[in-house]
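Q: Please take a close look at one part of this structure and describe how it is packed and held against its surroundings. A connected account would be preferred to a list.

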Amino acid sequence: MDTHGRLSKKDIQHTLEQDEFELLKTRLTEFWHEYGKIVVFAILIVVCARLLFWVYKSHSASQEAAMQTLLANAIEQMQLAQQAQMGNMPATENYQAAITNLDQLIREHSKDPIAGPAQILRGYCAMKTDDPQTAVAAFGQALEKTNDPALEILIRIAKIQASTNTAADTQASVSELGEISESLEDGPMKEMVTFLMAEYQEKAGNDDAALELYRSLPDDSMWRRLADSNVRWLETKPLPALKP
């Protein structure tokens, strides 16, 4: 099987065999790492892997076939949307098509463990179509259906990213990210949360707090280069106004 390029619907359906499950998960990981936002990509890798796992392990043949088709359609449309965006082409239609399939999957299997991960993908697509209200609702539904602490943190972060539009939202996001940070041990996840907290502090106009958070990141953090760039921006003195 070709392991490069876009996954086709046929590929996705074919690789739902048990012996190729890990290969498909790897291909999805590579795809989202290349094209997706790093935070949302982290969620989607877990989600897609779990979706495929439940399709394979937990259902009768007839259920599996129906769910497999809806999932394959949704993922294919999301891939087409990402490729369109990379080429600066409209992608809303593809995301809407993915949403249609995910809505049907959620509606027909609302009591199934697959509904939670499907809601996460639904929230992501809503974010990409500039529908934050729907995205927040979908992530909220997903939170109610997960009992995995690590996945819960990622969903909370995605929900924060979807909802932060007003000054009040920004301050609430800083508070929630602080709670999340306190629950984490030192490591990449905590560093990501620290960086996001700094960005929201900067957005709120709290430059001193933002600078402190940016500078607190370890030198070997994957977020350090971005943090240093933001620090330089914040420390740059504004030019005096030109005299008329």
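A: Helices (H or I, at least four residues) and strands (E, at least two residues) are taken here as DSSP runs, numbered from the N terminus. The model is predicted, so local features need pLDDT of at least 70 and side-chain atom pairs count only at pLDDT 80 or more, whereas totals for chains, interfaces and linings use all residues. Residues are numbered from 1 along each chain as its sequence is written, and side-chain values use heavy atoms, with hydrogens and water left out.

The protein has 12 helices and zero strands. Buried residues, meaning those under 20% relative accessible area, with exposed being over 50% and partly exposed in between (1.4 Å probe, protein chains only), make up 47% of its 244 residues. With a contact defined as heavy atoms within 4.5 Å, residues 24 or more positions apart account for 53% of the contacts that have a separation of 6 or more.

The part chosen for closer study is helix α10 with its surroundings. This helix covers residues 188–203. The expected span of a helix is 1.5 Å times one less than its number of residues; for the 16 residues of α10 this gives 22 Å, and the 23 Å between its end C-alpha atoms agrees. Its buried residues are E191, M192, V193, T194, F195, L196, M197, A198, Y200 and Q201. Just after α10, G205 takes a positive phi of about 85°.

Helix α10 also takes part in a nonpolar core, a set of buried Ala, Val, Leu, Ile, Met, Phe, Trp, Tyr and Cys residues joined through side-chain atoms within 4.5 Å. The largest such core has 24 residues, of which I157, L177, I180, V193 and Y214 touch the most other members. Helices α8, α9, α10, α11 (207–215) and α12 (224–235) each supply at least two residues of this core. The largest share, seven residues, comes from α10. Apart from this core lies another, of 18 residues, among them L70, M78, L105 and Y124. In soluble globular proteins, nonpolar side chains tend to be buried together.

Y214 shows how the surroundings of α10 meet. Leaving aside neighbours within four places in sequence, Y214 is in contact with F195, A198, E199, E202, R224, A227, N230, V231 and L234.

Charged pairs complete the picture. A salt bridge is a side-chain nitrogen of Lys or Arg within 4 Å of a carboxyl oxygen of Asp or Glu, and the structure holds six of them. One joins E176 to R156, with the closest N and O atoms 2.9 Å apart. E176 belongs to helix α9 (residues 167–182) and R156 to helix α8 (residues 149–163), so this pair ties together parts 20 residues apart in sequence. E176 is partly exposed at 26% relative accessible area, while R156, at 19%, counts as buried. Another salt bridge links D186 with K190 at 4.0 Å, N to O. Of these two residues, D186 is exposed, with a relative accessible area of 72%, and K190 is partly exposed at 21%. In addition, salt bridges that share partners join R156, E176 and E179 into one network.

Elsewhere in the chain, helix α6 offers a point of reference. It has 14 residues and reaches 20 Å from its first C-alpha to its last, close to the 20 Å expected. Since 13 of these 14 residues are buried, α6 is largely enclosed by the rest of the structure. Just after α6, D130 takes a positive phi of about 60°. The side chains of R122 and D103 meet in a salt bridge of 2.5 Å, N to O. This pair links distant parts of the chain, with R122 in helix α6 (residues 115–128) and D103 in helix α5 (residues 92–108), 19 residues apart. R122 is buried at 15% relative accessible area, whereas D103 is partly exposed at 26%.

In the loop between α5 and α6 lies H109, which is buried at 11% relative accessible area. Apart from neighbours within four places in sequence, H109 is in contact with M67, I114 and A115. Finally, L151 in helix α8 is buried at 6% relative accessible area, and its C-alpha atom is 9.8 Å from that of P117, a residue 34 positions away along the chain.
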